[in-house]
Amino acid sequence: MKRVLQFLTFLSVVFLLMSGGGIFAGEIKFRHLTVDDGLPSNVVNVVFQSRTGFIWVGTKEGLARFDGHRMVRIPMPENEYDLVSKRRINALCEDDEYNLWMGTTYGVLCYNQVTETFKHYLFDEENRLDLSRFVNSIVIGKDGVLWAGTRNGIFY
């Protein structure tokens, strides 16, 4: 029975696509955004939409926010992020307090959207598994625990 329902669902989707109806009707329009529009870099690693509706863009050289009309570059902290390699944003997520969490090539950053301030978190330097601070993925669980995926495993 389950396979029959899956097949019928598949046929319904194929029918909608072939008929041009449903949510796929109409023209999809794309707009090309570059550093000329406010992106920190043309190399985009991650795109994330927050609950407030902003589109956050993590690039090779920092963070930007898009409101649907214009791109705003978010200034990175100067003292810890003097190297371009430390500004690379690889992953983004948001917590219940609207803080934006970023996985970078140099640990985890938290951006408070209200105060527009950053806080930097490094893993335990005494931990032999912490040979790489390169965070590839980041997620906050239902219990509020932040999970960071690195080259050497998962940290929380």
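This tour proceeds through a predicted model, one selection at a time.

**The whole chain**

Begin with the entire protein chain in cartoon view. One helix and eleven strands are present, and along the sequence they follow the pattern α-β-β-β-β-β-β-β-β-β-β-β. Of the 156 residues, 35% count as buried. Displayed as a surface, the protein chain exposes about 10700 Å², of which carbon and sulfur atoms supply 56%. Among contacts with a separation of 6 or more, 38% join residues 24 or more positions apart.

**The largest nonpolar core**

Next, select V46, W56, L63, I74, M76, I89, L92, L100, M102, L109, Y111 and F118; these twelve residues form the largest nonpolar core. Colouring the strands shows where part of this core originates: β5 (89–94), β6 (99–104) and β7 (107–112) each supply at least two of its residues.

Within this core, centre the view on I89. Setting aside neighbours within four places in sequence, I89 is in contact with N45, V46, G58, T59, G62, L63, M76, M102, G103 and T104.

A second, separate core of ten residues can then be examined; among its members are C93, C110, F123 and A148.

**The two cysteines**

Keep C93 and C110 selected. Are they joined in a disulfide, or apart? The sulfur of C110 is the nearest cysteine sulfur to C93, yet it is 9.1 Å away, and C93 is in no disulfide. A disulfide would require the two sulfur atoms to be within 2.5 Å, and the count of disulfides in the model is zero. C110 likewise takes part in no disulfide. C93 counts as buried because its relative accessibility is 7%; C110 is also buried, with a relative accessible area of 9%.

**The salt bridge**

Now select E94 and R51 and show their side chains. Side chains of opposite charge can pair when their charged atoms come close. The structure holds one salt bridge, and it is here that the side chains of E94 and R51 meet, at 3.4 Å from N to O. The pair links distant parts of the chain: E94 belongs to strand β5, R51 lies in the loop between β1 and β2, and 43 residues separate them. How accessible is each partner, buried or exposed? E94 is buried, with a relative accessible area of 13%, whereas R51 is partly exposed at 48%.

**Two loop positions**

Move to K60, in the loop between β2 (55–59) and β3 (62–66). Its relative accessible area of 39% makes K60 partly exposed. Add R87 to the selection: K60 and R87 are 27 residues apart in sequence, while their C-alpha atoms are 6.7 Å apart in space.

Then select R31, located in the loop between α1 (2–19) and β1 (44–49). R31 counts as exposed, at 53% relative accessibility. Beyond its neighbours within four places in sequence, R31 is in contact with F66, G68 and H69.

**A nonpolar surface patch**

Finish on the surface with V139, W147, I154 and Y156. Together these residues form a nonpolar patch with about 490 Å² of accessible area. Of this group, Y156 may be singled out: it is placed in the segment after β11 (153–155), and at 73% relative accessibility Y156 counts as exposed.

Technical notes:
Residues numbered from 1 in each chain as written. Predicted model: local features only at pLDDT ≥ 70, side-chain atom pairs only at ≥ 80, totals over all residues. Heavy atoms only, no water. Buried < 20%, exposed > 50% of the residue type's maximum accessible area, 1.4 Å probe, protein only. Patch = residues over 30% accessible without salt bridge, like charges linked within 9 Å, V, L, I, M, F, W, Y side chains within 5 Å. Areas by Shrake-Rupley, 256 points an atom, 1.4 Å probe, with all protein chains shown as cover. Salt bridge = Lys/Arg side-chain N within 4 Å of Asp/Glu carboxyl O. Helix = DSSP H or I, 4+ residues; strand = E, 2+ residues; numbered from the N terminus. Core = buried A, V, L, I, M, F, W, Y, C linked by side-chain atoms within 4.5 Å. Contact = heavy atoms within 4.5 Å.
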